[in-house]
Amino acid sequence: MGFLDIDNATKSFGKVEVLHNVDISVQEGEFLVLVGPSGCGKSTLLNVIAGLEEVTSGEIRIKGEVMNHVHPSKRNIAMVFQSYALYPNMTVGQNITFGLEMHGMPKSEREKAMYKVARLLQIENLLARKPGQLSGGQRQRVAMGRALVREPDVFLFDEPLSNLDAKLRVDMRTEIKKLHQNLGTTIVYVTHDQIEAMTLSTRIAVMHNGHIQQLGTPNEIYNSPSNLFVANFMGSPSMNLLPVRINVEGNDVRAETTNGKSETVNLAFHNPSASLREFNGKNVTLGIRPEGLTDLEGADQRSKHVETINNTVDVIEPAGSDTFVTTTLGNTECIGRMRADTSLKPGSETSFAINMEKAVVFDPETEMRIA
Amino acid sequence: MAISSQDTAIRTGRITRTFIYLVLMLFALFYMLPLYVMVVNSLKPLSEITGGGMMALPQVWTIEPWLKAWSTAQVGVQATGLKPYFLNSILMVVPAVAISTMLGALNGYVLTKWRFKGDTLLFGFMLFACFIPFQIVLIPMAMVLGKLGISGTTAGLVLVHVVYGIGFTTLYFRNYYTVFPTELVRAAQIDGAGFFQIFWRILLPSSGPIAVVSVIWQFTNIWNDFIFGASFASGNGAPMTVALNNLVQSSTGVKEFNIHFAGAILAAFPTLLVYIVAGRYFVRGLMAGSVKG
Amino acid sequence: MTIAQSGMDSRTRLQGWLPKLVLSPSVAMVFVFVYGFILFTVYVSFTDSRILPFVGKSGEPAFDLIGLSNYQKLFKLSHWEIALTNMGVFAGLYIIICTVIGLFLAILLDQKIRGEGVLRPLYLYPMALSFIVTGTAWKWFLDPGIGVESIIHTWGWESFSFDWIKNRDFAIYTIVMAAVWQTSGFVMAMFLAGLRGIDNEMLKAAQIDGASNWNLYRRIIIPQLRPAFLSAFVILAHLAIKTFDLVIAMTSGGPGRATELPATFMYSYTFGRNQMGIGSSSAVIMLMTIAAIMVPYLYSELRERK
Amino acid sequence: MKGLIKSALNGMAVLAFSGGMAVSQEVEVLHWWTSGGEASALNVLKQDLEAKGIGWLDMPVAGGGGEQAMTVLRARVTAGDAPTAVQALGFDILDWGAQGALANLNDVAAAEGWDDVIPEALQYFAKYDGQWISAPVNVHSTNWVWANKAVLDANGIAIPETWEEFMAAIETLSAAGVTPVAQGGKPWQEATVFDAVAMSAGGPAFYKAAFIDLDEEALGSDTMKEAFDRMAFIRAHVDDNFSGRSWNLATAMVINGEAGFQMMGDWAKGEFLNAGKVPGEDFLCFRFPGTQNQVTFNADQFMMFDQGGVVSPEQAALASAILSPSFQSAFNVVKGSVPARTDVSDEAFDACGKQGMADLASASASGNLFGSMAHGHANQAAVRNAMYDVITAHFNGEYDSATAVEELVDAVSIAK
């Protein structure tokens, strides 16, 4: 039993089920990120935890106590909303202390708490202003201040950074991470941005169509996606997924596909599993991250198994720190990540190094990873 | 959203603009005409009016009709003018407007932020109530007021106006609150605010524009009501419109049109004032509420 | 959005009931004072009530139930037929003209007009006045003997004729005119609000696309004013149905019966002629007409907003 | 919940300036006499009562010749809050009497001898089932013609005695470029003329048969068609602007010499007097040609609402004050009407008033006093308004005379 337990939670609006038997157990101090495309049910799950919506079946427990019928304000949670939801008619100070006031805290204590939080977030000079007079980043801080001041058991964040511009988003991301490290609170964080998910979380729950697709550490999610959806959704640029044929030859297992010139290419797997061998002669989907498809100089020096192939370069996209190169494998456009100073030209031919240690394979029928 | 920055992206030429101003002025004239007739005739002696010069400017300017209408014209057995009835109207209008607006705000709040099964249907029922012609309800209303024992009291009159006003006020506030961010309500819930606290502390302070619309609408309708005022107020508790009507509609006596018009403008003064003072918030309120869905 | 409504927490349970509790007085009032009264009117329309539906003292019914004969009488009255026809003409013209003028003025006022602050209240103020007296002003203004016709005659155009208010075939249009005068400014305000709510970037985009002003309004702006059109329709329809004071003040239903409307018909039969049964049956027909128009409208409107 | 609302509203009622209920020692009077002359005349009555220690709670509701007040009355009675005394006309009084809502004034009437001094035709409207239920204030006669003496003199016109003379006078004025007849454009005004025209065309027996007994034969007769033809003649000599005009603006036309005649009840006199005109010198009053011996009337009365089985002392005092000769004289001098009792001295009245009193007395004695159809003293409101519909439609050119006669028969049969 964890600090926050979501036990077989199902939520339906009328006939439409938006959460299917969700099971998550969050430990104290964990930073859980719920990630998924819009409409996947992640916000609903957050609302269910907050008590803003009721589960149709299943249980929500915080510190072992069943919360299903407990009013949001009694669950000892705090929430930061996407739009910040600052009360427009109150000053920043009033916004921050409103919750304390509602819980009957005396004024002097409220103020003390307010100053403490304001100092922490460096918004002391904004306390007398109205939300309308603040910039996006300032509003974001106030919204967090409003949550922090409550000193809740669980923090809930609902896409808190999505209304900020790119630079501010990165800054605030770091700030949130810092806060978590310093305060050690339990956080459930909803986002559709997989980079945010990767950078912030201690664990990620990838959601799709109301189902938890995978629940694991960022590393597990990134390197061992449990299915095609997770593989495709996490990572930017996303994982290259190409159709290949499995050929078992003694100890070796090879993936057979074609390059841009329709020549057959064979890629040997590193440490092929028994279950992979069973797919002998069958078509599967091979997953290679862009950083696993690179030029020879850029290849991972620590990798135990790199395959080299020749292929044509289709498109070059310099991105500053790296250069992305598009090439064709198995009639699929694949993106490789090259060094920034690569001298390749579109149409030229070159050697690609493929890191087979990080390659993953999926059964195209079930879309599940073949372990 | 700010009205002051009317940054329409439409560009128009000089000739078009002259034309636009011309048309706008013409319409202003059209709207002013009846007021012109009223004002001009209220400032001349009766003989000039019955002499036929109803559209002309006064030959002799006089404010006597105004003084008479206010304080000495005959509206009943005593020549009291409209003065004493002014307070009656205020005593009726202020609570009626306040209560109906407050109920409308609460209803709008419930119907948008605390939705339940069948809420839209209920709202539909309330909205349809706006379309009841008042002549229909007169007799049954008298029965109910009689049963409640508040016929002939200001309280009864207030009740009547509240009943037939909440359809509109609910409509206004519901539309306004529909676009009010629900996240704010959720945040307040998590902060521990209850049903009324959320309403008082979060929604109501942001409801200024739509409250203006509701108040203007209700104030105008209630102030100008005649049929309920005449039927359900006691003689000396009668509102301004009843007094004005008595001034204007006397059947077999001498008709002093100049006093009638002066009285009419006096009786309309509060509503005109409300329009002029609150008018600039009016479009803003409409913008925020009733025309956006 | 629903909040946990059952369970052990009593405050939470109260909070669950509160919204309905708060709504209930209004709902109760509407059901008694509107729908209860409608039922009452339907009942009276089946009786031969004349002066009162009940005896003052004892409360015993002072009438007999006579079935549908009030309705049969009603539809035999040419008077009623005139009132219904007039209603169609009046409501149709009134709603259309108000909408057109309101939209037109709103578009003009939206061109960064200097003095908008002065013009707007000028357009709006008629809504503030009661027709008990502005009706008289209108009557005089339209009167050929003393009003606009005679003024134009004194200007030298002797053959000018504008005697609609005295003409049986045209009098109803003068009622439309005065009614438009009263409400078109209000409609203008609604459209102006709608126009101010339209995203400017879209207009800029359309201009870059080469749309002329005319096309800009026709293709881009006016279609976006749909909510304003709908609100205007509700307000105008309800005012059209309730038009009563205006007719009484301007023409008293005349010349002859040329400007009789269902509302004046109903009032006159119920209260003037002591034929409460017939008056009630006309009220029921009126309500049925209103319902026939408004219910589908409200249905589509409210469904969409869900 | 309902109880809660009720008590809350009651609480508010206490706070608000209510004071609606008539307490003892006070009469609440619903009336529609709000113009200067009428109201100050009524004030005489108020002072009378106040001298007796009875308060007067005034409840004026003007409009539509009392229609508005009757609407309000219905609401008040329905609410169980009827005023003490209510101004009323003709059949409305009998209708309320039939509802059993009015108090029995027989004791007051007997003590003051009303039966002897009030004309019988008037008593018809003041009694129900043999009981006095209302106190008549005045008698208006409606078959008057008002004329501008200067205009008539200038065109050599003497007071016309017959319809033919009247037609000739009208045509003379028309030829002289004067609007012959000033007419207001409201149904009741057109009906007022029709009253006199029908009486003149068919005589008293026809009038009674058609308008009081609603005899279908009389309604559909050629005489009725003749009456409508005469209306058409008058219509042809009314200016085109009459529609919608108030009666007193029509009177102003006569006062200003723009028109020769106006057919209107005796209340028109007030307009002449108010304009500083003198009867007999500046303006003339005479009976509609051909109705010199008849008087069509309407009478204002005050009906007393039952306040719990018996007449309250205040109501009795009010009733007796209304019929006191001094009030009858004082009020009617101002109002232009004549006293409801025939034994009041005509000393205070002007020439037209004196003639009116004499006409009333003689018409009453000779059985020539009839309730006016136009003013709701010939038949029920429903019938009256049905007739209005036809008369006004004909006057405004919707029907020709033959159609009007048919429509009249139909309309009356539906409304009966």
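## Where the two domains of chain D meet

A good place to start is inside chain D, where 19 residues of domain 1 of chain D are in contact with 19 residues of domain 2 of chain D. Two elements each supply two or more residues to the domain 1 side of this contact: helix 4 (90-98) and helix 17 (351-365) of chain D. Helix 17 of chain D makes the largest contribution to that side, with 7 residues. Sorted by class, the domain 1 side holds 7 nonpolar, 9 polar and 3 charged residues.

Please keep in mind that everything here describes a predicted model. How is chain D divided into these domains? Domain 1 covers 24-140 + 298-365, and domain 2 covers 142-296 + 373-415. Taken over C-alpha atoms, the centres of the two domains of chain D are 27 Å apart.

## A sheet in chain D

Chain D also has an open sheet of 4 strands, and their order across the sheet is 9-10-8-11, with mixed pairing. At the edges are strand 9 (179-181) and strand 11 (283-287) of chain D, each of which pairs on one side only. Going from one strand to the next, the twist averages 20 degrees.

For a closer look, take strand 8 (residues 144-148) and strand 10 (residues 259-263) of chain D. These two strands run antiparallel and are joined by 3 bridges. Val145(D) has Met263(D) of strand 10 of chain D opposite it. A helix belongs to this picture too: helix 13 (residues 247-255) of chain D packs on the sheet and touches strand 8, strand 9 and strand 10 of chain D. The direction of helix 13 of chain D makes about 140 degrees with that of strand 10 of chain D.

## Chains B and C together

Which chains share the most contacts? Of the 5 pairs of chains in contact, that pair is chains B and C. Chain B brings 81 residues to the contact, and chain C brings 81 residues.

On the chain B side, the elements giving two or more residues are helices, among them helix 1 (14-42), helix 4 (83-113), helix 7 (154-178) and helix 10 (208-224) of chain B. Helix 13 (257-288) of chain B is also one of these elements, and it gives the most to this side, with 14 residues. What kinds of residues make up the side of chain B that touches chain C? They divide into 55 nonpolar, 21 polar and 5 charged residues.

## Chain C, built from helices

The partner in this contact, chain C, has 13 helices and 0 strands. Reading from the N terminus on, you meet one α element after another. Of the 306 residues in chain C, 50% are buried. Among the contacts in chain C with a separation of 6 or more, residues 24 or more positions apart account for 64%.

## Chain A and its two domains

Chain A has both kinds of element, with 9 helices and 20 strands. Its C-alpha trace spans about 75 × 45 × 35 Å along the principal axes. Chain A has 371 residues, and buried residues make up 42% of them. For contacts with a separation of 6 or more in chain A, 67% are between residues 24 or more positions apart.

The domain assignment gives chain A a domain 1 (4-233) and a domain 2 (240-362). The centres of these domains, taken over C-alpha atoms, are separated by 39 Å. Their contact takes 7 residues from domain 1 of chain A and 6 residues from domain 2 of chain A. Helix 8 (residues 228-233) of chain A provides the largest share of the domain 1 side, 3 residues. That side has 3 nonpolar, 4 polar and no charged residues.

And how do chain A and chain D stand to each other? Chain A and chain D do not touch, and their nearest C-alpha atoms lie 28 Å apart.

## Confidence in chain A

The predictor's confidence is available for chain A as pLDDT, with a mean of 89. In chain A, 100% of the residues reach 70 or more. Where in chain A is confidence lowest, and where is it highest? Confidence is lowest in helix 9 (residues 274-277) of chain A, at a mean of 88, and highest in strand 3 (residues 31-35) of chain A, at 95.

Definitions and conventions: Residues are numbered from 1 along each chain as its sequence is written. Chains are lettered from A and ligands numbered from 1 in the order in which they are written. This is a predicted model: local features need pLDDT of at least 70, side-chain atom pairs count only at pLDDT 80 or more; totals for chains, interfaces and linings use all residues. Domain bounds come from an automatic or database domain assignment. Ala, Val, Leu, Ile, Met, Phe, Trp, Tyr, Cys and Pro count as nonpolar, Asp, Glu, Lys and Arg as charged, and the others, Gly among them, as polar. Two strands pair if DSSP finds at least two bridges between them. Axes are lines fitted to C-alpha atoms, for helices over the stretch in contact, and angles run from 0 to 180 degrees between N-to-C directions. A residue is buried if 20 or more other C-beta atoms lie within 10 Å of its own, exposed if 12 or fewer, and partly exposed in between; C-beta atoms are placed from the backbone. pLDDT is the predictor's confidence in each residue, from 0 to 100.
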